[in-house]
Structures are given as C-alpha cells and as structure tokens.
Amino acid sequence: MGKVTGFLEYERTAPVKEDAKTRLQHYKEFVVSFEKEQVKQEAARCMDCGVPFCQSGCPLGNVIPEFNEAVYKREWELAAGILLSTNNFPEFTGRICPAPCESACVLGINKSPVSIEDIEKHIIEIAFEKGFIKADPPMIRTGKKVAVIGSGPAGLAAAAQLNRAGHEVVVYERDDTPGGLLNYGIPDFKLQKDVVRRRISLMEKEGITFKCNANVGVNIELNTLLRENQSIVLAGGSTVPRDLPVTGRTAQGIHFAMDFLKQQNKRVRNFAIAQEDILATGKDVIVIGGGDTGSDCIGTSNRQGARSVTQFEIMPMPAEKRTDNMPWPTFPMLLKVTSSHEEGCSRAWGVNTKAFLADENNNLRALRIVDVQWDIDANGRPVNFKEVEGTERELPCQLVLLAMGFLYPQKEGLLEKLGVEFDNRGNVKAEEGKYQTNIAKIFTAGDMRRGQSLVVWAISEGREAARKVDEYLMGESRLPTKDGIP
Ligand code: FAD
C-alpha cells in the first residue's frame, strides 16, 4: 500500500479532457495525460483492501493494488512489469475499457473508485517513453506452427502468448491492416491507430508474421492452412449486425454503424474508400442503439458536422441499483454517459422505430417512432413492452445509423467450410476455460466464441486459449493462467 491514509486525504481525479468544442475539430485522442503529482495521489487512494475485488472484477486479473503501490513510489519499470504480467496490451484497455475493475473497487461503496483505467494508461505510456518496452522474442522455438485467424484483440493476445511459448505464429487478417475492431470500428478519437501500429510492429519484431488481405476460406486455402499448421485459433469476431427490417428499410440513407465508422477510420488515414461515402455532414442523424457502437456514431457524426444527432434506445432508462447483497452502485451500460454524449446529442429511452419514411426518390426523410412502456419482471428485468397510446410521431432525418449490436460471427466461408459446431446463440461452440472446438486442433477465442463483448474479455480469452493450444501441442504449458500462476 503506497499511502495508508491516501483514500481519506484525496478525492478521485481524472486526466483533463480537451473541451468539447476544440476536440470536435479533429479525430485525435483528446484526453490529456495525468500530471505527475496527480497520478501519485490517485494511486495513493488505493486501500489495498486485502481481498482485492478490483482484481477479480478485471477479466484479466490485473494485479491492481500492487501496481498502484509501485506508481505511488514512482517505480515505473516495476509497475509496467506487474501490469504486463496479466495484460498484453494495457495501452488499449487503458484507453477504452469500461473498467469493470473500477465498478468493483471497494472505495466505490461510499466514495468515487480509484481511477484505475487512467493509471493503467499512464504506466504503459511512461514505460514506452522510458524505453522499458522492447521486443522480447522467445529464446527457444518449438518447431510447431499455429495459424491465428483474425487480428482483433483476441487474435493478437493469442498470437503474443503462443509466440512467447516458442511456437511459430502467423496471423491472418482479411482487412488491409491488422487490429480488428481496434483498427477499423473504434474511432481514432478513442484510440489512435498509431497506438495499434506501435504494438503490431513490436509483435513483428518478436517474430510474429501478419498476413493482411488474407480472407481465410476465400482467398486463403483452408486445406493448406490445416495441413501446414499443428493448430488453428479462430478469432474472427462477431460480425453480423442486428438489422431493423421494418417498412421502408430499403430507403437510401440507412446504414449499419460499422460501415459508417470504418469509412471514417479510413478517411483519417487517407485510405481510399471503395464504396459510396456515408457522411453525416449537414444532416439530421438518428442513431438507433444505445451501446458503445451507438456512442461512437454520435462522436463521429458530430465531428463530420451533423446538423443534429439523436440517439434512441428501445429499452427503458435503467436506474442505478444497490441492494443489501451488493452495496456497490451499478451503473448499467446503457446509462453510461460517454465523452461522445458530452459533445452533444439528444437521447431517449423506450422508443421504438415503426417505419422509415422516404421521399419520391426513395431518399430517407423521416423516422416514424413511438414511445413504449415495459413490463418489469420480479428480478427487475424488462420483459415485454407495449406502445404508449398517442405518442406515435415522425422525426425528420436524412441519415440513420443502425447500432443495435451483433448477432454472431459470419458463418459462410471459413466456419462452414471448417465444419465447426455453433452454440445456441450462433457463436462458435467451445467451453469457457477450454476454448477447443469440436475439431481437436481448432480453438476459438473472443467475440467469435463469447458473442459481442469487450476488448478486455477478448484479450483475456486470447491469452487463455493460447495456454490451451500450448498444452495441446506440448502436453503442458508454462504460460501463465488467469491467476498469474506460471
Ligand atoms: P474483432 O476485434 O472483431 O476482430 C476480428 C478480426 O477477424 C477482424 O479484423 C476480421 O476482419 C477478422 N476476420 C474475420 N474473419 C476472418 C477470416 N475468415 N479471415 C481473416 N480474418 C478474418 N469494447 C471495449 O472494451 N471498449 C470500447 O470502447 C469498445 N468500443 C467498440 C466500438 C465499436 C464500434 C464496436 C463494434 C465494438 C466496440 N467494443 C468495445 C467491443 C470490442 O471492440 C470487441 O469486443 C473486440 O474487438 C472483440 O475482439 P475480437 O478479437 O474477438 O474480434
């Protein structure tokens, strides 16, 4: 514990953000780093509770009290070592994780939790700055080959760990550059792509090969891959978006969020856009869906110069919950106010879309919506809804972005050709903790297995799956388990 009385003396602080008006002029990250004293004070707020709920709240099992103590003592190399022992990519989670560790922080019961996520970002950025982070290729190679399909956080984490174990790893990515949703999807203002490139380049120096424009099962022959590799990790993500097939769906101006967001990632890098431009400039934009993707559409629309941005969510507005068994305040994801919301938008819950209305040229001109009332079950969950009489109305819009989540991975091509089994939600079937599919040499991790989730879970699954592959190839593994046990 850095400072015994720290949690009594200091209130939570967070790094400063550029004001909304300034940051809307660009697509770069806008969170200014912690000041030296500020990070020390924040780390001093950690109570080192004895039972570190933050650590079990983190899907990676990050050893948070220990790195907080090292930060307080300004032992940066030690802090980075502790952080990297459980998390391959703190520079990603330190920027975009919703920080379940902070929701689990005991200080959060009656004060604001420690700013763990910001501390994490600070540690890893200092470590890069001071030159502590260097390529660390394995000393010994096993002679075994593993193909990782998909270069999102799950594929990257699996590749990093398998390479560490000495296997020869090739990552196949169907996009033109690696990173999965870190690269194409998550906007640059949340995660700049030079941060992703910095990590990929380090992994290349450690001996991992990345093959891009390599769509396995389409332009990469599956049988060759199966023949040449002793194991395969499927980390292709959950990519089939939920649609809204109501009247007027074919009107011009209705797009899936990912098509819109990916284009903007490309524009920021001056990459060519093959399809017709989807732009919010000068338009009344409606975002349907209240999660991270919806929020990213708001930030991007505002930066493009939308006339107005409105976000609808069909679910009711969630309330903060505390129970006798659960003294921590829980803020449901849908209630979260993101930096994009702060930048300006109207937001409404319990709104259903009945139809898209188009003009004579089939261009979208409005949305027909209605308020809905939900029945809540005994566990406080919304179950059925009915329309509220007299609330049906039209709202003018020229662009609608559908951000209602993802159903499951794409089955055609790779997965169907492989013959892997699916679970009852349509994801690739493999038991949590085992990660092995019905085909012995094929493993799976991340959104492709667990359904749409979070970067921190993808990294966690990638690491765990790598250990299982290593055991499968070598009979045992010295890669660390989730509890950090080698
Ligand atoms: P992905 O990141 O989806 O990567 C899968 C990769 O596999 C893709 O690059 C794909 O092209 C490739 N691939 C698929 N099939 C093939 C094939 N046959 N051959 C070759 N390559 C293939 N989570 C957070 O924690 N914080 C956030 O702020 C956040 N924001 C988000 C914003 C958006 C817009 C979206 C869509 C998601 C967001 N998420 C966020 C969720 C998070 O990004 C995902 O949970 C995470 O990226 C899943 O990682 P993954 O590696 O399983 O899959």
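Let's start at the ligand. One of its oxygen atoms is 3.0 Å from a polar backbone atom of Leu181. Keep in mind that this is a predicted model.

Leu181 contributes through its backbone. Glu173 contributes through its side chain: a polar atom there lies 2.7 Å from a ligand oxygen. Then there is Asn215. An N or O atom in its side chain is 3.3 Å from a nitrogen atom of the ligand.

How much of the ligand does the protein cover? On its own, the ligand has 1,000 Å² of accessible area, and the protein covers 95% of that.

Now the shell. There are 36 residues around the ligand. Those that come nearest are Ile96, Ala154, Glu173, Lys190 and Asp447. You have met Glu173 already, as the residue with the 2.7 Å pair. By class, the shell has 18 nonpolar residues, 11 polar ones and seven charged ones.

Which elements give two or more residues to this shell? They are four helices: helix 10, at 153–164; helix 13, at 257–268; helix 14, at 292–304; and helix 18, at 455–474. Helix 14 provides the largest share, with three residues.

Next stop, Gln230. Find helix 12, which covers 222–228, and strand 4, which covers 231–234; Gln230 sits in the loop between them. Is Gln230 buried or exposed? Its relative accessibility is 32%, so Gln230 counts as partly exposed. For that class, the value has to fall between 20% and 50%.

Look at what Gln230 touches. Leaving out residues up to four places away in sequence, its contacts are Gly143, Lys144, Lys145, Lys441, Tyr472 and Leu473. With Lys145 there is a polar pair: a polar side-chain atom of Gln230 lies 2.6 Å from the backbone nitrogen of Lys145. Ile442 is worth a look too. Gln230 and Ile442 are 212 residues apart along the chain, yet 9.1 Å separates their C-alpha atoms.

Last residue: Arg199. You will find Arg199 in helix 11, residues 193–205. Why does Arg199 count as buried? Because its relative accessibility is 8%, and buried means under 20%.

What does the side chain of Arg199 pair with? With the side chain of Glu91, through a polar contact of 2.6 Å. Glu91 is also among the residues that Arg199 touches, not counting those up to four places away in sequence. The others on that list are Leu84, Asn88, Phe89, Phe92, Ile124 and Phe128.

To recap: a ligand with 95% of its area covered, a partly exposed Gln230, and a buried Arg199.

Conventions:
Residues numbered from 1 in each chain as written. Predicted model: local features only at pLDDT ≥ 70, side-chain atom pairs only at ≥ 80, totals over all residues. Heavy atoms only, no water. Near = heavy atom within 4 Å. Polar contact = N/O pair within 3.5 Å; in protein donor to acceptor, adjacent residues only side chain to side chain. Areas by Shrake-Rupley, 256 points an atom, 1.4 Å probe, with all protein chains shown as cover. Nonpolar A, V, L, I, M, F, W, Y, C, P; charged D, E, K, R; others polar. Buried < 20%, exposed > 50% of the residue type's maximum accessible area, 1.4 Å probe, protein only. Contact = heavy atoms within 4.5 Å.
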